[in-house]
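Student: I have a model open and would like to learn how to read its features one by one. Where do we begin?

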Amino acid sequence: MRKDRGGRGWACACCGRWRVSVELVAGRQRYRLARRYAADVGGVDVLGEVGTVPALERLLRDRTPLSLADFRELP
């Protein structure tokens with residue numbers, strides 16, 4: 001069972017296209033890494049979903065040029 005957490009998450013400070021969302025799945029938090037495309041292209045590419053912050057750090061290191069320090073909380 002998935003439950004939306006009201007847009008909780010982070011976006012990269014450089015361009016805002018890289019996003020990490022936080023969802024509650026079966027009573028546990030899941031971190032989803034996605035990249036949004038420009039408005040004229042549209043769409044989102046989900047790069048991975050993990051259950052811990054260390055796993056999220058590894059996913060970022062493997063799939064993006066960013067680290068957790070590059071992200072800012074979404075309003």
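Tutor: We will go through strand pairing, salt bridges, the nonpolar core and one loop residue. Keep in mind that this is a predicted model.

Student: Let us take the strands. In which sense do strand E2 and E3 pair, and over how many bridges?

Tutor: Strand E2, residues 9-12, pairs with E3 in the antiparallel sense, and the pairing has three bridges. To place the register, look at Gly-9, which stands opposite Ser-21 in E3. The two strands form a hairpin with five residues between them, and Gly-16 there takes a positive phi near 80°.

Student: How many bridges join E3 to E4?

Tutor: Eight bridges join these antiparallel strands. Their hairpin has two residues between the strands, and Ala-26 in the turn has a positive phi of about 50°. For the register here, Glu-23 stands opposite Arg-30 in E4.

Student: Next, charged residues. Why can side chains of opposite charge pair?

Tutor: Such pairing can arise when the charged atoms come close. In this model the count comes to three salt bridges.

Student: Which residues are linked in the network of salt bridges?

Tutor: Glu-23, Arg-30, Arg-32 and Glu-49 are linked in it. Take the pairs in turn. The side chains of Arg-32 and Glu-23 meet at 3.1 Å, N to O. Arg-32 also forms a salt bridge with Glu-49, where the closest N and O atoms are 2.6 Å apart. That pair links distant parts of the chain, with Glu-49 in strand E5 and Arg-32 in strand E4, 17 residues apart. Glu-49 forms a salt bridge with Arg-30 as well, the closest N and O atoms being 3.4 Å apart. This pair, too, links distant parts of the chain: Arg-30 is in strand E4 and Glu-49 in strand E5, 19 residues apart.

Student: Is Glu-23 buried or exposed?

Tutor: Glu-23 counts as buried because its relative accessible area is 17%, and the cut-off for buried is under 20%. Arg-30, at 25% relative accessibility, is partly exposed. Glu-49 is also partly exposed, at 29%.

Student: Now the nonpolar core. Which residues of the largest nonpolar core touch the most other members?

Tutor: The core has 14 residues, and those touching the most other members are Trp-18, Val-20, Tyr-31, Leu-33, Val-50, Leu-56 and Phe-71. Strand E3 (18-25), strand E4 (28-36), strand E5 (44-50) and helix H1 (53-63) each supply at least two residues of this core. H1 gives the largest share, four residues.

Student: Can we follow one member? What does Leu-56 touch, not counting residues up to four places away in sequence?

Tutor: With those residues not counted, Leu-56 touches Val-20, Tyr-31, Val-50 and Leu-68.

Student: Last, a loop residue. Where does Thr-64 lie?

Tutor: Thr-64 lies in the loop between H1 and strand E6 (71-73). Thr-64 counts as buried because its relative accessibility is 10%.

Student: Which backbone oxygen does the side chain of Thr-64 reach?

Tutor: That of Leu-60, at 2.7 Å. A polar atom of the Thr-64 side chain also lies 3.1 Å from the backbone nitrogen of Leu-66.

Student: Leaving aside neighbours within four places in sequence, which residues is Thr-64 in contact with?

Tutor: Thr-64 is in contact with Trp-18, Leu-33, Leu-47 and Leu-59. Trp-18 and Leu-33 appeared before, among the core residues that touch the most other members.

Terms used:
Residues numbered from 1 in each chain as written. Predicted model: local features only at pLDDT ≥ 70, side-chain atom pairs only at ≥ 80, totals over all residues. Heavy atoms only, no water. Core = buried A, V, L, I, M, F, W, Y, C linked by side-chain atoms within 4.5 Å. Buried < 20%, exposed > 50% of the residue type's maximum accessible area, 1.4 Å probe, protein only. Contact = heavy atoms within 4.5 Å. Salt bridge = Lys/Arg side-chain N within 4 Å of Asp/Glu carboxyl O. Polar contact = N/O pair within 3.5 Å; in protein donor to acceptor, adjacent residues only side chain to side chain. Pairing = 2+ DSSP bridges.
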